[in-house]
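Here are my notes on the model you sent over. Have a look at the sequence and the structure first, then read on.

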Amino acid sequence: LGTKTVPFKCFGKVKEMETQEGILQKTLIDFHGIDEKLIQKMVYDALVWCSLHGLVVGDKSVQRSGKVPGVGLVHAPFALLPMAFPKSHWNLACEVAPIFNELIDRVSLDGKFLQEALSRTKKVDAFTSGLLDIHSKMLEINKKEEIRLGLHRSDYMLDEKTKLLLQVELNTISSSFAGLSCRVSELHRESCATEFTVVKSNIGTRRPEAGFPTLSIHPHPSSDFELHYSFPAYDICVLQSSKSNDAVLCRHLSLLNYYGEHIGLDPRRIPGNASVDKFAEALAKAWTEYNRPRALVMVVVQPEERNMYDQHWLCAELKDRYPFNLLSSLSCLCNTHNVTTIRKTLAEIDEEGEILPDGTLLVGGQEISVVYFRAGYAPTDYPSEAEWRARLLMEQSSAVKCPSISYQIAGTKKIQQELAKPNMLERFLDNKEEIAKLRKCFAGLWSLEDSDIIKKAIERPELFVMKPQREGGGNNIYDDDVRTNLVRLQKEGTQEDAAYILMQRIFPAVSLTFLVREGICHKDHAVSELGVYGAYLRNKEKVIVNEQCGYLMRTKVSSSNEGGVAAGFAVLDSIYLS
Ligand code: ADP
Ligand code: MG
Ligand code: MG
């Protein structure tokens, strides 16, 4: 096959530059200049794409949409185009992911530290107290978790003034959107697809049609039966050489060709996002470590869950890789996990669960090897004693918990604040360079026992965020409410202040974005929060997995304080490295 470079069509005021290879590359888009008709077409095509590729959530206007899969689906809110993000900060966020994983593991082992740090909070916060009670019970019986699995997401905002990448929080329970965020990266990569050049191929005589993105195919050096496909828009995949490869390839090409015209972004600058593959792989490896072939992975779910498709993606990936995206479809030829999952609520686990004398967890008579929590992080998940009993039962069992009670507690905001104190990281980590890297990501964090900071926060409340020990979005206090609450707490003089921490408010840069929600595209000023997933798995002294696992970019209108997608504040996005 020869080499063919297809000329570029371009809309709007896009800055152009000529690269050494003579291929046109685009830098950042001037949103004001983009042709309105093109936007409408892109929105339409993106909505079709979401529907065909499972980038969906339950529609809140349909009553059964949180209970019955396939009923009342709507596309997940998304940004039409990726958000610019500096490469150096992206690299830093990836580099610190395994260090944070290790930190959480070390902190989780220090039961005394966790209990003491939260001892005041325990008195005023019934939910935290419930978690700590289970934790104490485990300490009393000297419960050891030999196989420990963490599926975390460390969230950051890039502070515009200081240009520092500052950690908002680190989620150790129910880190959501690994299933959907990788789809958004695919959507963006495909809508940004540029040109297509076949450099070399030994899979046949098929000629690329004009207008496809760049594709290079390298024969695998060590085998006649393997090829390395290297796509600019994708990482390298290994596959077997057979007729089916051609079929996979053709299908992908038709996706890339969604846009005959394009807006001229370079898809290579959107980092690959294998979040769902990586999380599934870590869960599968935990299942393997547990080493009971008939055992299941149990997903602990809320009775109603409109974000169920995010979870189902992970379960589908665990069972069988779905050939919907290129990476998965190619690797499925070599590799399936074949791990079965069941979904249970805490109330169901209370009814159906039991522990055998050897510690085996049975639910409905089925052995559970890994408990994966997508519920149990909020007080509303525990409406009665039954749910707390279920949580305790699972914790007492020998099943792998993702997360264990100590991992969950290690991820609370109070512990985040404690770890930001001087010399605290040194207590848990050895490597000085790594410690320095983590510390650089810490924003100002204070306990409400610090009277100087209370005074400052009352004077300038807009510079702080007041946070309770809660997860899931919508719980924080901002602006004038910070002052009102601090003054009230001071007056009351109770211990209620121990329920909160104070955090430096981060101010990310504002930029114009197209946000698509319920089929409607809004152009608005927006800010973004980058989450980097991390998986950690160890069995006794052996660390089996410790890696960065893709990312979640969330973009919200700049006038909104909170940033949750499920909570209705933000849209799913991806990043465009600048
Ligand atoms: P949750 O566990 O409920 O997600 P977060 O700490 O992530 O709690 O806070 C929720 C949202 O509030 C974040 O996604 C972000 O949009 C906003 N937020 C949190 N902390 C800060 C901060 N220090 N500065 C600016 N915004 C913040
Ligand atoms: Mg959180
Ligand atoms: Mg958060």
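What follows is a set of numbered points, going from the overall fold to single residues.

1. Bear in mind that this is a predicted model. The protein chain comes with 18 helices and 26 strands. Of its 578 residues, 45% count as buried. If you take the contacts with a separation of 6 or more, 72% of them are between residues 24 or more positions apart.

2. On to the core. The largest nonpolar core has 138 residues, and the members that touch the most others are F279, L283 and V370. Both domain 1 (14-81 + 187-269) and domain 2 (83-186 + 272-500 + 515-577) supply at least three residues to this core. Not counting residues up to four places away in sequence, L283 touches V297, L318, V370 and Y372. V370 thus turns up among the contacts of L283 as well as in the list of F279, L283 and V370 for the core.

3. Which residues are the closest to ligand 1? They are E169, E471, M503, I506 and G563, out of 19 that surround the ligand. Three elements give two or more residues each to this shell: β8 (164-171), β19 (464-468) and β21 (500-504). By class, the shell holds eight charged, six polar and five nonpolar residues.

4. E471 deserves a point of its own. UniProt, in an unreviewed entry, lists E471 under "binding site", and in the model E471 is among the closest residues to ligand 1. Its place is the loop between β19 and β20 (477-478). Is E471 buried or partly exposed? E471 has 19 C-beta neighbours inside 10 Å, so E471 counts as partly exposed; the cut-off for buried is 20 or more. Beyond four places in sequence, E471 touches N171, I173, Y377 and A378.

5. The "binding site" annotation in the unreviewed UniProt entry also covers Q311 and R554. Take Q311 to begin with: this residue is in helix α9 (residues 308-319). Q311 is buried because 21 other C-beta atoms lie within 10 Å. Setting aside neighbours within four places in sequence, Q311 is in contact with G179, V299 and R374.

6. R554 is in strand β24, which runs over residues 542-557. How many C-beta neighbours does R554 have inside 10 Å? There are 25, so R554 counts as buried. Leaving out neighbours within four places in sequence, the contacts of R554 are S528, E529, G563, V565, A570, L572 and D573. G563 is worth a second look here, being one of the contacts of R554 and also one of the closest residues to ligand 1.

7. Last, V300. You'll find V300 in strand β12 (residues 296-301). V300 counts as buried because 25 C-beta neighbours lie inside 10 Å. With neighbours within four places in sequence left aside, V300 is in contact with K344, L346, I349, V371, Y372, F373, R374, A375 and G376. R374, one of these contacts of V300, is in contact with Q311 too. Likewise, Y372 is listed for V300 and is also touched by L283. As for a reference distance, the C-alpha atoms of V300 and G472 are separated by 16 Å, with the two residues 172 apart along the chain.

Definitions and conventions
Residues numbered from 1 in each chain as written. Chains lettered and ligands numbered in written order. Predicted model: local features only at pLDDT ≥ 70, side-chain atom pairs only at ≥ 80, totals over all residues. Near = placed C-beta within 6 Å. Helix = DSSP H or I, 4+ residues; strand = E, 2+ residues; numbered from the N terminus. Nonpolar A, V, L, I, M, F, W, Y, C, P; charged D, E, K, R; others polar. UniProt positions renumbered as here; feature names shortened; annotations may be inferred. Buried ≥ 20, exposed ≤ 12 C-beta atoms within 10 Å, placed from the backbone. Contact = placed C-beta atoms within 7 Å. Core = buried A, V, L, I, M, F, W, Y, C linked by C-beta atoms within 7 Å. Domains from an automatic or database assignment.
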